[in-house]
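User: I have a complex on my screen and would like to talk it through with you. Could we go step by step?

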Amino acid sequence: MSSSTNTTTHHTSTIGSIGAPSRRNTELALLVFAVAIPVFAYANVGLAINGSVPAGLLSYGLGLGLLAGVGHLVVRKFAPYADPLLLPLATLLNGLGLVVIWRLDQSKLLQSIHVAGGKATNQLLYTAMGIALFVMVLVFLKDHRTLQRYTYISMVAALFLLLLPLVPGLGLNVYGAKIWISVGGFTIQPGEFAKIVLAVFFAGYLMVKRDALALASRRFMGLYLPRGRDLGPILVVWAISILILVFETDLGTSLLFFGMFVIMLYVATERTSWIVFGLLMSAAGAVGVASFEPHVNMRVQAWLDPMGEYALSRKGVAGHSEQAMQALWAFGSGGTLGTGLGQGHSELIRFAANSDFILATFGEELGLAGIMAILLIYGLIVERGVRTALAARDPFGKLLAVGLSGAFALQVFVVAGGVMGLIPLTGMTMPFLAYGGSSVIANWALIGILIRISDTARRPAPSPAPNPDAEMTQVVRP
Amino acid sequence: MNKPLRRIAIFCGLLVLALLVRDNWLQYVQADTLRSDTENRRVLIARYSTPRGDIIVDGNPITGSKKTPTDSLNDFAYKRTYKDGAMWAPVTGFASQAFGATQLESVEDGILTGDDDRLFFRNTLDMLTGKPKQGGNVVTTLNAAAQKAAYDGLKKVGGKGAAVALDPQTGAILALASYPSYDPSSFAGNSTSVDSKAWTALQKKNNPNDPMLNRALRETYPPGSTFKVVTAAAALENGLYNSADENTDSPLPYILPNTQTELKNEGNIPCKNATMRVALQFSCNTVFGKIGADLGKDKMLEEAKKFGFDSEQFTPVRSNASNFPEKMDRPQTALSSIGQFETAATPLQMAMVASAVANDGKLMKPYMVDKLEASSLDTLTQTQPEELSRPLSEKNAQVLQSMMETVVQKGTGTNAQLPGVTVGGKTGTAQHGLNNSEKPYAWFISYAKLPDGSSPVAVAVVVEDDKANRDDISGGGLAAPIAKNVMEAVVKSKK
């Protein structure tokens, strides 16, 4: 489990305490790029749209640099052995997201429909709040195993968060999906936070129950079938996902939670049968709901025939949206290298151009090359998360790390796949890129927890107590 | 627990791979299809993102481009403007952000927007040097003075009508006017309050005068007596008569063959046994009706087709095909030969008839684009005059010229006389509608010949007069003065 911490020597009992490389300087160097790239991109947008370097370049660069710097210093102090890639990658995505949100702020069309205008400032504020939460996670969560104590409280909290949008007067219905709540003028997506809290619950629950789930099973046709009573938890989670789908009409959130649970169940039990069950159940649930829930059904129709959906929307048929086709045109018009930042026309997507559909702007203006780079950055974050799970020494840490990374991967897949027309559209946002406070804040907390687990995982084993018999094998320190 | 973790890592990798594959499909394989999809608004945005090239007459642009404020409602940067839009509309057509382009604006759209393949090399150079893409220019053959004379003349008469002037030696179109007309600037933009309103008001269902109809190219009228020039040509070409001054042995009254119906002349005119010259001078229906019936429909049709009837012309703007009926009995052939029954011609067609006679029997293909230029003013293509057909021998053409000149010297077309210039012409008054209930059309076709024998202009004018009473309408009275002014303008500009 801890083989990754000391690759240079296997004599861990005496050498370990010298200190494995912490990689903090690597992280700092990467952070310089993660701040510099968005600053150049920002200048590029200003030059393309207004012909001048934007006036806010300095304050923007300083703001992002300051946030990244604070993050780095806190990691250096409180999680010195953490994975060096997570913070720079998240900073880079967040910075690029800010640039493109600012770029869409310049669109008069989006301003006129109140989708854009001053949103970049808000997003910078949300980023600051996200970093603050990130800092709090690292400062106050000295050991991720503390979270294990809150297993069942987490369950209650997660259910509470998930059900919030259904509370009358609090929940909002935005274009058919009911995943927002409105508090004092702010709209919050509780699902983004529920994702993390639920991962904590699953990790705690499965850690305790995994032996029962894994061992008490019958073998049938090469698969280990779980006992009927052990099917309970998966059925409950499945039912909750279906309920979310039916009442909040959000395919994405539903798929995300169920997928996360199946992944964690599989890791906990090492039983492939859970994957088979999970896939069958999610397929049955999705098909069942899609066939009788009109909003979900319409999303599927729009996915199968975006051009027909566009034509219906143009004709003014209520409930249809041209967004899916507009997004495809944005991607296609970008081509291999893109039009260049600030020179595309992704404002044609109109509603949610800077949130759910922000990837289309990247696609049009940075092209295939840009999108591939961004997808690889997401992939890298996920793989660093799974790597953390591999390196973690405790099962709770492993499960939590793989749950969070798996959920992150599923979210990226569901959103990017939806915008690119690979799967039906859902109402979720690209982590870090998209405009939206809940998303940014929750994902910074997610990165904070991953960094915490990775710090614990990569931390060298505590040095053994001085042994008087060890005199003959004293090591000469360089 | 590490084995399933590794598998999850692979699974997450596959998710990202699926996205990468999809993205390559979208942004590489499908990119061109999506990018050039006509529903993709970016196509239009790009189209109006640079100033459009100009349409040029006599070295001066008659069009322009105006930067429009781009705001939330308008994402098109440039819109079309027109100088004397109403006068030039039959030439230019329109290019509107909201309603697309027609006629010359549409036919030469690739050059005007700069998207044409012939501009590819220049565009690539411009792209490398960082210059924005620029549209090329369309240089027309039109003559501004002639166009103005034609449009002002039609406007003064006030009825619906059209005028076309050609250079008989090349086929170049010198004037192409239609009245009532419209200003294409009025709906060149994209605003629902201004442009859509102007557009709606111009539609035929809201405006019975149908100002957007290009009457010079796209409307056919019964040509009436002007068609007698074609019939005379057929008689000469088929050897029915060998000179203009040979007696035609025509009876008066003339009963249409196989019927008891008498074909009448307008008024009491000396048509009995008249020569073709006299018959054309007084516009005898009896003489030319009989010629048509004697020649038969096949010979008449053959001659009409040689003049361009029954086929569309591409100038490059398409003109409607004029009609000479293919299935007729003898009395119908007689009626068709005096421009009645189902015979119908565009003003361009009748101008072609006059120009073929003036050019000693050689019909040139009518064209209005002299050359296409790149924005650097380098010529991309130059139109070469092209012979379309030879409806008459040189000798017969000269016989017909002398007949038409008699019409202007002492016949129905005296209003078209020009000092110092030999003018040949033919009037026409075409009745139409059930029992001739609707207002007749006044026609006049003519050509001018300079003392050196060259013929710089042939004209056709058609006017429907709403105000005058029926008896006053005649080609000589209404249409001939307009034709005269157009010819005068061309002759003056030649000097």
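User: Which percentage of the 495 residues in chain B is buried?

Analyst: Happy to help, and do keep in mind that this is a predicted model. A residue is called buried here if 20 or more other C-beta atoms lie within 10 Å of its own. Of the 495 residues in chain B, the buried share is 55%.

User: How many helices and strands does chain B have?

Analyst: For the overall frame, the C-alpha atoms of chain B fill a box of roughly 115 × 50 × 40 Å along the principal axes. Among its contacts between residues at least 6 apart in sequence, 69% link residues at least 24 apart. The secondary structure of chain B amounts to 18 helices and 20 strands.

User: Where in chain B is the pLDDT below 50?

Analyst: Chain B has a mean pLDDT of 88, with 96% of its residues at 70 or more. Where pLDDT is low, the predicted coordinates should not be read in detail. The stretch to treat that way, with eight contacts beyond near neighbours in sequence, is residues 468-473 of chain B.

User: Which element gives the largest share of the side of chain B that touches chain A?

Analyst: On this interface, 34 residues of chain B meet 42 residues of chain A. Helices H1 (2-29), H2 (31-35) and H3 (41-47) of chain B each give two or more residues to that side. By class, that side of chain B holds 16 nonpolar, eight polar and ten charged residues. The largest share, 19 residues, comes from H1(B).

User: Which helix gives the most to the largest nonpolar core?

Analyst: That core has 165 residues, and A:Ala203 and A:Met264 are among those with the most contacts inside it. A:Ala203 touches A:Met264, and its other partners include A:Phe396 and A:Leu399. Another core, of 127 residues, lies apart from it and includes B:Ala233 and B:Met404. With 17 residues, the one that gives the most to the largest core is helix H15 (residues 358-391) of chain A.

User: What arc do the buried residues of H6(A) cover around the axis?

Analyst: Helix H6 of chain A runs over residues 119-140 and reaches 31 Å, close to the 32 Å expected. Its buried residues include A:Leu124, A:Ile131, A:Phe134 and A:Leu138. They pack against helices H3 (57-78), H4 (86-105) and H17 (437-458) of chain A. The buried residues lie on the same side of H6(A) because the arc they cover is only 160°.

Conventions: Residues numbered from 1 in each chain as written. Chains lettered and ligands numbered in written order. Predicted model: local features only at pLDDT ≥ 70, side-chain atom pairs only at ≥ 80, totals over all residues. Contact = placed C-beta atoms within 7 Å. Helix = DSSP H or I, 4+ residues; strand = E, 2+ residues; numbered from the N terminus. Nonpolar A, V, L, I, M, F, W, Y, C, P; charged D, E, K, R; others polar. Core = buried A, V, L, I, M, F, W, Y, C linked by C-beta atoms within 7 Å. Buried ≥ 20, exposed ≤ 12 C-beta atoms within 10 Å, placed from the backbone. pLDDT = per-residue confidence, 0-100. Expected span 1.5 Å × (residues − 1). Arc of directions from axis to C-beta. Lists of a residue's contacts leave out its neighbours within four places in sequence.
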